[in-house]
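Student: Please take a close look at one part of this model with me. Start with a pairing of your choice, and carry on from there in one connected account.

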Amino acid sequence: MKIILAGIILSMLLIFSNIHVSDSYLQYNLLVTVKPEKSPIKDTEFPIITGTVTDEASKPIVGALVKITFAKEVVTTTTDQYGNFKYDSVLPIFAGYYMINAVVTKAGYSTGLASSTLMVHSPPTVTYGRGITGDPIVTGNYTVYLGKVTDWNLETTCFVKFGDQFKRFLKTCDLYNLAPTDFKTDATVVHSLAVIQHNADYRLFPVSDYFNGLTLNNNAQYRYVENVWKNYTVPN
């Protein structure tokens, strides 16, 4: 009897030993890294975020879904054949410290998490040279500033210091006669121009508009500035 019982138990063990657990019930770990490609950066630069996703054996994970949370941006991307991912930010960013968070998911794996930080420097102090200083012109609900370009990324983005402000203007460099063909690569330039503020809106104009308005008084000055504003050319 004991021999028969032992045989039954042994047979059951052999049967269960041949049953494979479905892979769908297994959860493997994802190892994730995320970091800025460069840190610190100037606030005239665009952040680039990179990272990798591997398994516990350091094998790249292809096609993993990566959710990146950074400043005011929430974006998704996927890993390439080497387990790498990359995101080039196109939104303005200001001086300060920023947390970068990455959440990675892939079928058959537990969720992977990673974080890092990015430091953004304050804009450089601009020293005005001779001939480009001037007080703002205030007329009605318009203010005309004499501004200075601190950086220019070809014809797509201008970084302008005026008064006590520093702002980024997109697709506007052509409005003050800077020729993109004169610059083969991104270049730091020194150039003055007019910045007109109307309520909460700011626009760039040739520097001559500042000096033309400076010569006028009262109603003539207001009509001139208003006309300049209304004839603004929207950049393409």
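Tutor: Gladly, and bear in mind throughout that this is a predicted model. Let's start with strand β4 (residues 65-70) and strand β7 (residues 96-105), which are paired antiparallel over six bridges. To find your place in this pairing, look for Ile68, whose bridge partner in β7 is Ala102. β7 also pairs with strand β8 (residues 112-121), again antiparallel, and here nine bridges join the two. A handy landmark for this second pairing is Asn101, which stands opposite Ser115 in β8. Six residues lie between the strands in the hairpin of β7 and β8, and in that hairpin Gly108 has a positive phi near 90°.

Before we leave this region, have a look at Thr77, which belongs to strand β5 (residues 73-78). Its C-alpha is 6.6 Å from that of Lys67, although the two residues are 10 apart along the chain. Is Thr77 buried, exposed or partly exposed? The cut-offs help here: buried is under 20% relative accessible area and exposed is over 50%. Thr77 has a relative accessible area of 23%, so it counts as partly exposed.

It is worth setting a second hairpin beside the one we have just seen. β11 and strand β12 (residues 165-170) form an antiparallel pair with six bridges between them, and Phe159 stands opposite Arg168 in β12. This hairpin has two residues between its strands, and Gly163 takes a positive phi near 60° in it.

β11 deserves a slower look. In a regular strand, side chains alternate between the two faces of the sheet. Thr157, Phe159 and Lys161 point one way from β11, while Cys158, Val160 and Phe162 point the other way. Which of these two sets is buried? Both are, since all of the residues named are buried. In other words, β11 is mostly covered, with six of its six residues buried.

Now let's follow the aromatic rings. How many aromatic pairs does a search of the whole structure find? The search gives nine. One of the pairs is formed by Phe162 and Tyr202, with 5.7 Å between the ring centres and 55° between the planes, so the pair is tilted. Phe162 sits in strand β11 (residues 157-162) and Tyr202 in strand β14 (residues 201-205), so this pair ties together parts that lie 40 residues apart in sequence. Both Phe162 and Tyr202 are buried. A further pair takes us onward: Phe205 and Trp229 are tilted too, at 6.5 Å centre to centre and with 45° between the planes. Because Phe205 lies in strand β14 and Trp229 in helix α3 (residues 218-230), parts that are 24 residues apart in sequence are tied together here.

Both members of this second pair are out of reach of the probe for most of their area: Phe205 has a relative accessible area of 5%, and Trp229 has one of 7%, so each counts as buried. Phe205 and Trp229 are also members of one aromatic cluster, together with Tyr142, Tyr222 and Tyr232. Back at Tyr202, there is a charge to notice as well: Lys167 lies over the face of this ring, 4.7 Å from its centre.

Trp229 has brought us to α3, so let's look along this helix. Its 13 residues reach 19 Å from the first C-alpha to the last, which is close to the 18 Å expected at 1.5 Å a residue. Which residues of α3 are buried? They are Gln221, Val225, Val228 and Trp229. Seen down the helix axis, these buried residues fall within an arc of 100°, so they line one face of α3. Asn219, Arg223 and Lys230 are exposed on the other side of the helix.

To finish, here is one more sheet to compare by eye. Three strands make an open, antiparallel sheet in the order β1-β3-β6. β1 (31-36) and β6 (84-88) are the edge strands, each pairing on one side only. On average, neighbouring strands of this sheet are turned by 15° against each other, with direction ignored. Between β1 and strand β3 (residues 48-54), which run antiparallel, there are six bridges, and Lys35 has Thr50 of β3 as its bridge partner.

Key. Residues numbered from 1 in each chain as written. Predicted model: local features only at pLDDT ≥ 70, side-chain atom pairs only at ≥ 80, totals over all residues. Heavy atoms only, no water. Pairing = 2+ DSSP bridges. Helix = DSSP H or I, 4+ residues; strand = E, 2+ residues; numbered from the N terminus. Axes fitted to C-alpha atoms, helices over the stretch in contact; angles between N-to-C directions. Phe/Tyr/Trp six-rings, centres within 6.5 Å; stacked < 30°, edge-to-face > 60°. Buried < 20%, exposed > 50% of the residue type's maximum accessible area, 1.4 Å probe, protein only. Lys NZ or Arg CZ within 6 Å of the ring centre and 35° of its normal. Expected span 1.5 Å × (residues − 1). Arc of directions from axis to C-beta.
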